[in-house]
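Hello,

Here is the structure I promised to pass on to you. Please have it open while you read my notes.

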Amino acid sequence: MTTQEIISKLDLKKKASLLCGAAFFGTRSIEEYGIDSLQLLDGGTGINYEQLFGDKFADYARSEGFTSEQFDKATRFFYDGDKLDPEELMLRDKLKVKLTEFCHGFDPHPGCYPPGILLGSTWNPEAVYEVGEALGLEAIMYNISCLLGTPNVNLLREPRNGRFFEGYSEDPYLAGELASQMTSGVESQGVASNVKHFAANNLEINRGGIDQSISKRAIEEMYLPGFKKCVEAGASTLMVAYPKINGKPCTHNKWLLRDVLRKEWHYDGLVMTDWGACTEDTGDSVEAGVDLFMPGPWEHEDDIVKAVEEGRLSEENLNRSVEYLINIAMKFKLSGRKLPVSYEDYISLGDKACYEADKEGFVLLKNNGLLPLQDMSRINLVDNSELIICGKGSAQVFTDRDEKLKDVFGNNDEGDVALIVVSIESAEGTDRPDLKLPVKYRDQIENAINSGKKIILVLNTPGPVEISKYIDKLDAVIMVFYPGMAGSRVLHDVILGKVNPSGKLPFSFPVKYEDTPAYLNYPDSFTCVYGEDIYVGYRGYEKRGVKPLFPFGHGLSYSEFSISDAVVSSDKCNLGDKVEIKFVLTNEGDFAGSQVVQLYVSDPSSKQSKPVKELRAFTKVYLEAGEKREITLEVDTTKIGSYSEDYGKFLVEDGMYDVLLGFSSQEITTKLSFRIVEGSPELALGINSTVLDIMYIPVLRDALERDVRTHGDDFIAYINGERYAPCNKLKDIYKNLSDYSEFLSECNQYIKA
């Protein structure tokens with residue numbers, strides 16, 4: 001029976017009920033038509049046991065006479081029995097039996113994988129894809145239809161954000177290119193990916209009702225592209241965010257959900273709410289474009305029925321939502337699904353994916369020559385530290401597959417190299433109070449400095465912290481973020497030189513919090529003004545001339561790389577052409593390793609306010625010591641424009657553009673140029689020009705004056721425009737502008753520098 005045939009047999013009440021979640025992480029089924037419940041669960045970094053156990057085993061624990069506190073503790077310390085009393089251990093053992101039955105008879109031992117920020121630091125699409133594949137296998141093992149938060153593609157706008165570690169980058173191009181690989185990797189295993197939170201959910205403070213004031217240009221250029229890329233990659237589900245955008249809740253935002261997502265992007269997947277995000281009428285939300293309301297039991301089907309009866313919700317839109325839900329439920333049904341690999345391969349593939357991601361994503365921020373070490377016995381692990389392997393909230397994972405730092409490194413109190421691990425927690429639901437280094441770690445650093453030891457500082461943090469006070473006294477700084485289960489092993493291998501670090505920062509690392517572009521815009525109530533506009537991250541630092549401690553794209557290697565023989569395929573092109581940039585990358589060092597070549601495009605003479613430069617392409621290349629390779633990157637001229645609020649679309653100016661090649665946003669080694677002969681006609685000088693466009697170009701101003709006088713028109717109207725209204729369009733001043741042949745001819749010949 002087809003989806004349409006099923007829908008034709010459902011009454012209004014049944015259709016409405018299908019859109020309302022049945023359990024906290026489950027949808028409703030219709031057994032008579034073979035429609036299974038969708039099992040949803042957070043899993044962007046692995047399976048969230050707190051959610052899984054609460055959804056599947058809480059009733060069982062109560063029936064066995066255990067309290068909710070005992071159940072919570074047995075869940076959280078499932079793999080840490082030393083923290084459980086005898087009764088809690090008994091419950092843990094009973095739950096283990098139930099879990100094994102639930103997982104096809106396997107004792108699953110879940111994996112813990114790195115979050116978006118570390119995956120973003122890999123600058124390696126293949127590594128992200130492999131983590132997606134591993135997470136897909138986790139979902140199959142745990143009977144999950146849809147992994148929530150695969151990926152969280154919200155922009156890294158504000159480093160205090162409690163979920164900063166979940167996002168991929170401050171740059172929308174990098175975020176989209178990498179996060180979409182997570183989508184593809186998960187879906188390759190027959191599991192529904194889930195892109196969240198649509199859109200602009202970039203803080204945790206008052207997220208349930210905060211109203212975010214964002215310019216249309218910033219929304220289009222910064223906050224939507226990552227989502228669009230994931231939609232293009234085939235994301236089956238998308239989660240709508242809590243906040244309001246310009247006064248409209250995302251769950252009731254018809255422009256966002258229908259005009260952009262459905263009509264412009266042609267998305268045909270399932271749109272679900274974040275948990276409890278719909279706070280207004282459910283029926284109106286369906287009309288706006290939401291297909292599934294979570295969590296269950298969502299007991300508002302009467303709202304939907306009433307909205308249809310009152311004409312606020314068309315039955316056509318209701319049927320479409322039911323269709324999307326049935327299609328996804330049938331595509332990702334759990335019955336008959338089996339793990340496609342052996343249990344041993346499931347474990348080894350997950351271990352490999354996590355190790356490779358960490359290897360590609362750990363960022364060597366500073367190295368004065370201390371690393372790599374030849375003798376690990378020199379290491380003094382300060383304070384017997386351990387890594388935080390995951391964030392809190394939706395992203396938390398409990399596992400027994402991680403190795404401990406003390407087991408991997410050992411410890412020598414007499415060692416002359418202090419290994420100081422700065423571990424800072426971050427969580428969904430709350431933002432960090434500041435970026436300051438806690439007193440405990442300041443004391444450890446100062447004690448190590450005073451002792452004369454060499455210092456390796458490991459940043460086991462959700463994002464940047466303020467370390468500028470000590471940076472000159474530190475011998476090496478390695479950023480590992482929340483590395484998942486392979487963190488200790490990869491850190492050991494990086495320090496020893498078994499791994500040549502190649503991670504690059506996907507965000508700008510500030511000297512101090514006050515330097516960050518969004519600093520003055522942090523809200524203290526239910527309104528947040530995105531006052532930095534499009535100038536997020538490096539765009540804001542460069543526009544204001546503020547130097548970060550480490551720039552966007554920064555990351556050191558044990559090798560030295562160079563770019564040479566760079567050429568551009570054409571120095572003149574038309575809008576729509578693709579420009580190829582060829583160059584030779586050479587590993588001039590003694591270590592084999594990978595380097596990320598970053599390509600930025602700059603429009604130095606744009607008449608519209610633009611960033612100094614913007615990332616438009618990148619590649620990560622592995623080279624043996626001494627090896628060189630010719631590389632080609634491509635710039636699509638249709639993708640380098642800016643959003644025009646006047647015309648409601650992206651436009652590309654004609655003129656000269658600079659192509660900048662380098663190893664970070666500040667380490668630019670090569671500059672090339674090309675010219676777009678004819679850009680978007682809306683921006684061409686002439687009919688659509690304003691007074692401001694020509695008033696500082698004498699050849700055009702003079703030609704206009706001659707035409708005005710030749711046609712017997714009054715030039716004082718133009719002069720008044722210069723004095724009082726330079727943004728007025730010439731065609732509004734001179735109705736017969738199209739007859740000004742000399743002026744229009746000069747405009748056609750004028751070449752913007």
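What follows is a short tour of the sheets, some individual residues, the cysteines and the cavities.

First, the ground rules. This is a predicted model, in which local features need pLDDT of at least 70 and side-chain atom pairs count only at pLDDT 80 or more, while totals for chains, interfaces and linings use all residues. Residues are numbered from 1 along each chain as its sequence is written, and side-chain values use heavy atoms, with hydrogens and water left out.

Let me begin with the sheets. Helices (H or I, at least four residues) and strands (E, at least two) are DSSP runs numbered from the N terminus, and two strands pair if DSSP finds at least two bridges between them. One open sheet has 3 strands in the order 3-5-8, with parallel pairing. Its edge strands are strand 3 (194-198) and strand 8 (270-273), each of which pairs on one side only. Neighbouring strands in this sheet are turned by 25° against each other on average, direction ignored; the axes are lines fitted to C-alpha atoms, for helices over the stretch in contact, and angles run from 0 to 180 degrees between N-to-C directions.

Strand 3 pairs with strand 5 (residues 237-240) over 3 bridges in the parallel sense, and Phe198 has Val240 of strand 5 as its bridge partner. Strand 5 is in turn joined to strand 8 by 4 bridges, again running parallel, with Val240 opposite Thr273. From strand 8, Leu270 and Met272 point one way and Val271 and Thr273 the other, and all are buried (buried means under 20% relative accessible area, exposed over 50%, partly exposed in between, with a 1.4 Å probe and protein chains only).

Phe198 deserves a second look: a cis peptide bond joins Phe198 to Ala199, with omega at about 5°. Ala199 sits in the loop between strand 3 and strand 4 (211-213). Another cis peptide bond, also with omega at about 5°, joins Met294 and Pro295. Pro295 is in the loop between helix 13 and helix 14. Leu292 is found in the loop between helix 13 (282-288) and helix 14 (301-309), and Leu292 is buried at a relative accessible area of 0%. The C-alpha atoms of Leu292 and Leu18 are separated by 8.0 Å, with their positions 274 residues apart along the chain.

Another open sheet is formed by 5 strands in the order 9-13-12-11-10, with mixed pairing. Strand 9 (363-367) and strand 10 (379-381) stand at the edges with a single partner strand each, so one side of each has no neighbour in the sheet. The twist here averages 20° from one strand to the next. Strand 10 runs parallel to strand 11 (residues 417-423), joined by 3 bridges, and Asn380 has Ala418 as its bridge partner in strand 11.

Two aspartates have backbone angles to check. Most residues other than glycine have a negative phi, and most peptide bonds are trans. Asp383, in the loop between strand 10 and helix 17 (405-409), has a positive phi near 65° and is partly exposed at 46% relative accessibility. Asp533 lies in the loop between strand 14 (527-529) and helix 20 (538-544); its phi is positive too, near 60°, and Asp533 is partly exposed at 23%.

Now the cysteines: how many disulfides does the structure hold? There are 0, where a disulfide is a pair of cysteine sulfur atoms within 2.5 Å. The sulfur of Cys146 is 13 Å from the closest cysteine sulfur, in Cys230, which is too far for a bond. For Cys250 the closest cysteine sulfur is in Cys278, at 12 Å, also too far for a bond. Cys146 is buried at 1% relative accessible area, and Cys250 is buried at 0%.

Last, the cavities. A cavity is a set of points, on a 1 Å grid over the protein atoms alone, where a 1.4 Å probe fits but cannot get out; lining residues have an atom within 4 Å of a point. Grid points are joined across faces, edges and corners, and a volume is the space filled by probe spheres set on the points. The count comes to 5 cavities of 30 Å³ or more, and the largest has a volume of about 140 Å³. The largest cavity is lined by 18 residues, with Gly44, Thr45, Gly149, Asn152 and Glu166 nearest its centre.

Best wishes

Conventions
On a 1 Å grid over the protein atoms alone, a cavity is a set of points where a 1.4 Å probe fits but cannot get out, and a pocket is an open set with protein on both sides within 12 Å along at least five of seven lines; lining residues have an atom within 4 Å of a point.
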